[in-house]
Amino acid sequence: MKNGWVQACFVGCDRVAANGDAANKIGTSGVAILAKHYGIPFYVLGPTSTIDLNCPDGDHIPIEERDGEEIKTMWYEKPMALPEVKCYNPAFDVTDHELIAGIVTEKGICRPPYTKSLKALFDDKKGQRNGISDIYITRRNQKWPSRNPHPPLSRRKRARLQKLC
């Protein structure tokens, strides 16, 4: 990232809260923080089935905790810590919505504010194409919103991303 070799980050997700906070494998949040530091857009990809509008934010996403013994003994020839050492071993972490440039689903790309764009994925109001608000969601064959804080992806990268939608 520091050398400018990365133009965008794309990660999967296991769950997305209504405000756009996203849970994924441990370490994902750290990658998002680095991307933000270097001005690289960070995208979360997942099906709409991972979005939970009843979960207000990442603080309400339950995080699986694995056995701490796994850290001390499972992967090593000899134990790496004394038996009395306690280990915290979460399987997931939560990436704050403020670090996420877009949430890519099969229905389109949601942009901030996520409380509105994620809700729009599931709304079936008149005046919205396929139940999706054009204000907050970039659809296939549309120009990127001018209020997007990140520059558009190259034509080739955008085409690959749009195949996902």
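## Helix 1 and its cover

Gly39 follows helix 1 and has a positive phi, near 70°. This is a predicted model.

Helix 1 spans residues 28-37, and its buried residues are Thr28, Ser29, Ala32 and Ala35. They sit on the same side of helix 1, because they cover an arc of only 120° around the axis. Several strands help to cover these buried residues. Among them are strand 1 (9-12) and strand 3 (22-25). Strand 4 (42-45) and strand 6 (92-95) also take part.

## Salt bridges

How many salt bridges does a search of the whole structure find? The count is 5. Three are described here.

Side chains of opposite charge can pair when their charged atoms come close. Lys25 and Asp14 form one such salt bridge, with their closest N and O atoms 3.1 Å apart. This pair links distant parts of the chain. Lys25 lies in strand 3, while Asp14 lies in the loop between strand 1 and strand 2 (15-17). The two residues are 11 residues apart. Lys25 has 42% relative accessibility, so it counts as partly exposed. Asp14 also counts as partly exposed, because its relative accessibility is 37%.

Arg66 and Glu64 meet through their side chains in another salt bridge, at 3.6 Å from N to O. With 39% relative accessibility, Arg66 counts as partly exposed. Glu64 is likewise partly exposed, at 41%.

## A pair within helix 2

Lys72 and Glu69 form a salt bridge too. Their closest N and O atoms are 3.1 Å apart. Both residues belong to helix 2, and because they are 3 residues apart, about one helical turn separates them. An α-helix has 3.6 residues a turn, so residues three or four places apart point the same way.

Is Lys72 buried or exposed? Lys72 is buried, because its relative accessible area is 3%, and the cut-off for buried is under 20%. Its partner Glu69 is partly exposed, with a relative accessible area of 38%.

## A nonpolar surface patch

Helix 2 covers residues 69-74 and includes Met74. Met74 counts as partly exposed, at 48% relative accessibility. Which residues join Met74 in a nonpolar surface patch? They are Trp75, Tyr76 and Met80. The patch has an area of about 520 Å².

Definitions and conventions:
Residues are numbered from 1 along each chain as its sequence is written. This is a predicted model: local features need pLDDT of at least 70, side-chain atom pairs count only at pLDDT 80 or more; totals for chains, interfaces and linings use all residues. Side-chain values use heavy atoms; hydrogens and water are left out. Patches are made of residues with over 30% relative accessible area and no salt bridge: like charges are joined within 9 Å, nonpolar side chains (Val, Leu, Ile, Met, Phe, Trp, Tyr) within 5 Å. Accessible areas come from the Shrake-Rupley method with a 1.4 Å probe; for residues, only the protein chains shown count as cover. A salt bridge is a side-chain nitrogen of Lys or Arg within 4 Å of a carboxyl oxygen of Asp or Glu. Helices (H or I, at least four residues) and strands (E, at least two) are DSSP runs, numbered from the N terminus. Buried means under 20% relative accessible area, exposed over 50%, partly exposed in between (1.4 Å probe, protein chains only). The arc is that of the directions from the helix axis to the C-beta atoms. Contact means heavy atoms within 4.5 Å.
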